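Colleague: I've got a few questions about this one, if you have a minute. Can we go through it together?

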Protein chains: 2
Amino acid sequence: MLEPKTFADQHRRTRSDHAQETAADYVEAIDQLHAGHGKCRVVDLARQFDVSHVTVTKVIARLKREGLVISEPYGPLELTDAGRQLAAKSRRTHEIVFQFLRAIGVSEKVAAIDTEGIEHHVSRQTLECFRRLTEQLQGK
Amino acid sequence: MLEPKTFADQHRRTRSDHAQETAADYVEAIDQLHAGHGKCRVVDLARQFDVSHVTVTKVIARLKREGLVISEPYGPLELTDAGRQLAAKSRRTHEIVFQFLRAIGVSEKVAAIDTEGIEHHVSRQTLECFRRLTEQLQGK
DNA sequence: CGATTTTCGTAGCAAAGGCTACATTTTCTA
DNA sequence: TAGAAAATGTAGCCTTTGCTACGAAAATCG
């Protein structure tokens, strides 16, 4: 066990999962850009996240090390199976949180922003409560 | 400009406010430890956040530079007025989020954890929706 | 085809927040 | 009060995620 990532421990969660959040954001974006233009380039992500292409390159390098992304020099970015799985999971969570915020009365614009921040910090249990309440509120 | 700029604007927020989140967490903790034992020491924060005392020292050094904390060598940590204000605001937000999660059915344990993650990403508008819905659900 | 523009890679720097190891100061206790 | 224990400080290193600057590769345009 190289990394003691025992997330069973409770207090550790809020701190150092930042890299994991970034990973989720990136694969989600790659997935969506793929669905849109059919391909994803470094410069697309740079524009989307409003960072320099260098920052994107560095994050992508890490995601490649972690087996989430594949690409060749000057080539488009592709997700691995693991990358696609993470993207799908992120997208589902994102959607549940967003719909929940809309359902409780948050405006579309603000909900879009807050979802970005919240989605990485919602446990399975809370997510289920979100989904249930969204149904209830919509069922009215 | 192929992509709408709103995306970039949204992501800018989720990215680099980490230092501000840390500041809020720290002053909140300092405030609560103060309320508890009457004083707060580096080692208390180290235990609370489960990091080394060195990490705490470094964060505190930043918070001192930013005028949120005051302390003398080997002395206890004190909040400035600005620090207390931030702590109070953080505590209010924390409480609203926590009570909201409890109200929608999240267990106390999980709510405590998720609140830590969520509280820094909730806009004023969303917070107001949380508060309103909590009232409604409790009013039943 | 050549030239320009766009995209990408690399080098090097900074800030935050992690760590260990070791020195120092305070505090506790025998 | 002397010595041990606890707390704090300092030095030095790492990783992530930012940046600018500059050069190389690809794509586009004339």
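Modeller: Sure. Helices here are DSSP runs of H or I with at least four residues, strands are runs of E with at least two, and both are numbered from the N terminus. Keep in mind that this is a predicted model.

Colleague: Fine. In what order do the elements of chain A run from the N terminus on?

Modeller: Start with the tally: chain A has seven helices and two strands. Put in sequence from the N terminus, its elements read α-α-α-α-β-β-α-α-α.

Colleague: And what percentage of the residues in chain A is buried?

Modeller: A residue counts as buried once 20 or more other C-beta atoms lie within 10 Å of its own. Chain A has 140 residues, and the buried share of them is 34%.

Colleague: On to the DNA. Which element gives the largest share of the surface near DNA strand D?

Modeller: Both chains take part: α2 (18-37) and α4 (53-65) of chain A, plus α1 (5-16), α3 (42-49) and α4 (53-65) of chain B, each put in at least two residues. There are 21 residues around strand D, with A:Thr22, A:Ser52, B:Arg41, B:Val42 and B:Val43 coming nearest. The largest share, five residues, belongs to α4(A).

Colleague: What about DNA strand C: which residues come nearest to it?

Modeller: For the surface near strand C, chain A brings α1 (13-16), α3 (42-49) and α4, and chain B brings α2 (18-37) and α4, each with at least two residues. The largest share there, five residues, is from α4(B). Of the 21 residues around strand C, the nearest are A:Arg41, A:Val42, A:Val43, B:Thr22 and B:Ser52.

Colleague: How many residues of the surface near DNA strand C are charged?

Modeller: Sort that surface by class and you get 10 nonpolar and seven polar residues. What remains is the charged group, and the count for it is four.

Colleague: Last one. Why are α5(B) and α6(B) called oblique to each other?

Modeller: The axes of α5 (residues 81-103) and α6 (residues 108-118) of chain B come within 9 Å and cross at roughly 140°. Roughly antiparallel would take an angle over 145 degrees, and roughly perpendicular one of 65 to 115. The pair therefore counts as oblique.

Colleague: And how many charged residues sit in that contact?

Modeller: On the α5(B) side the contact includes B:His94, B:Phe98 and B:Arg102, and on the α6(B) side B:Glu108, B:Asp114 and B:Ile118 are among the residues. By class the contact has six nonpolar and two polar residues, and the charged ones number three.

Note on methods
Residues are numbered from 1 along each chain as its sequence is written. Chains are lettered from A and ligands numbered from 1 in the order in which they are written. This is a predicted model: local features need pLDDT of at least 70, side-chain atom pairs count only at pLDDT 80 or more; totals for chains, interfaces and linings use all residues. A residue is near a molecule or strand if its C-beta atom, placed from the backbone, lies within 6 Å of it. A residue is buried if 20 or more other C-beta atoms lie within 10 Å of its own, exposed if 12 or fewer, and partly exposed in between; C-beta atoms are placed from the backbone. Ala, Val, Leu, Ile, Met, Phe, Trp, Tyr, Cys and Pro count as nonpolar, Asp, Glu, Lys and Arg as charged, and the others, Gly among them, as polar. Axes are lines fitted to C-alpha atoms, for helices over the stretch in contact, and angles run from 0 to 180 degrees between N-to-C directions. Angles under 35 degrees count as roughly parallel, over 145 as roughly antiparallel, 65 to 115 as roughly perpendicular and the rest as oblique. Two residues are in contact if their C-beta atoms, placed from the backbone, lie within 7 Å.
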